[in-house]
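Ready for a few warm-up exercises? Try each task yourself before you read the solution below it.

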Amino acid sequence: MTGITVRTKAGLRFEEEGSKLALCRAMSSNPSLSAPRSPFPPGTRFGPFEVLGPLGVGGMSEVYQARDARLGRDVAIKVLPPGLTDSPEYLARFEREARVVASLNHPNIAALYAVDDRDGVPYLVLELVPGQTLAELLEAGPLPLVRALDLCRQIADAVEAAHARGVVHRDLKPSNVKVTPSGMVKVLDFGGASCTGTSSPRT
Ligand SMILES: Nc1ncnc2c1ncn2[C@@H]1O[C@H](COP(=O)(O)OP(=O)(O)OP(=O)(O)O)[C@@H](O)[C@H]1O
Ligand SMILES: [Mg+2]
């Protein structure tokens, strides 16, 4: 049996048989990379944030790059698309995502800065992650082995940190992972995560 083992900093192991990309491909069920429907054009204001343009769209939300003029930085604003803002189920999911991400603090997980609402519709203010999603990277073909292993290790580190806080992502797939131009992984989208409520203390 040919196998590759990725060992994370704290010893978690991912074992892969056959293909070096099996792990990443197994996480991919439906990369969502279509253009955003853009109900919020450039210039739209979310409190102190001004939309600059779309970043991506998922099955449940749309994400925009926005400017925080007060702090002089750009952020990612994640909103429910108009058709879902009346759904108690999706609103609850959004609130849960905010609480879950707020409970996590790890360099491989996109951070939550704030949660607020615009005309009663909630939005998340997230760390802006530059670069491409893993789904976009894989569209160009298989990654070199060393790079694939490095990305898998970083993903595993993020997952391990979440598990240590009692959080299970439950929707880990390439479109929910971004890779910055310097090669840093940021796991996104804890909208479907479960939280057991039991966690080990932060160190
Ligand atoms: N913090 C961020 N920085 C940059 N781009 C982001 C960020 N968060 C999300 N995106 C982009 O927006 C896309 C959709 O975001 P996200 O996966 O959070 O939405 P979703 O609707 O919950 O997705 P899903 O269909 O997986 O449920 C991502 O694939 C990514 O391209
Ligand atoms: Mg997603």
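**Exercise 1. Place Leu-80 and decide: is it buried or exposed?**

Start with its address: Leu-80 sits in the loop that links β6 (73–79) to α2 (88–102). Keep in mind that you're looking at a predicted model. Next, count the C-beta neighbours inside 10 Å of Leu-80, and you get 20. A residue is called buried at 20 or more. So Leu-80 counts as buried.

**Exercise 2. Find which residues Leu-80 is in contact with, skipping neighbours within four places in sequence.**

With those neighbours set aside, the contacts of Leu-80 are Ser-61, Thr-85, Tyr-90, Phe-94 and Val-121. Now take Tyr-90 from that list. Along the sequence, Leu-80 and Tyr-90 are 10 residues apart, while their C-alpha atoms lie 8.0 Å apart in space.

**Exercise 3. Work out which strands pair with β6, and how.**

Take β5 to begin with. Strand β5 (residues 62–68) pairs with β6 in the antiparallel sense, over seven bridges. To see one of the partnerships, look at Ala-66, whose bridge partner in β6 is Val-75. The hairpin of β5 and β6 has four residues between the strands, and Gly-72 there takes a positive phi near 65°.

Then turn to β8 (residues 121–127). This strand runs antiparallel to β6, and five bridges join the two. For an example, pick Ile-77: its bridge partner in β8 is Val-125.

Last step: why is β6 described as largely enclosed by the rest of the structure? Because five of its seven residues are buried.

**Exercise 4. Trace the sheet that contains β9, β11 and β12.**

Read off the order: β9-β11-β12, three strands forming an open sheet with antiparallel pairing. The edges are β9 (132–133) and β12 (185–187), each pairing on one side only. Between β9 and β11 (residues 177–179) there are two bridges. In one pairing, Gln-132 has Val-179 of β11 as its bridge partner. Finally, add the helix: α4 (residues 145–164) lies across β11 and β12, at about 40° to β12.

**Exercise 5. Decide how far to trust residues 1–36.**

Begin with the whole protein: the mean pLDDT is 83, and 78% of the residues reach 70 or more. Over residues 1–36, though, the pLDDT is below 50. This stretch still has 65 contacts in the model beyond near neighbours in sequence. Where pLDDT is low, predicted coordinates shouldn't be read in detail.

Technical notes. Residues are numbered from 1 along each chain as its sequence is written. Chains are lettered from A and ligands numbered from 1 in the order in which they are written. This is a predicted model: local features need pLDDT of at least 70, side-chain atom pairs count only at pLDDT 80 or more; totals for chains, interfaces and linings use all residues. A residue is buried if 20 or more other C-beta atoms lie within 10 Å of its own, exposed if 12 or fewer, and partly exposed in between; C-beta atoms are placed from the backbone. Two residues are in contact if their C-beta atoms, placed from the backbone, lie within 7 Å. Two strands pair if DSSP finds at least two bridges between them. pLDDT is the predictor's confidence in each residue, from 0 to 100. Axes are lines fitted to C-alpha atoms, for helices over the stretch in contact, and angles run from 0 to 180 degrees between N-to-C directions.
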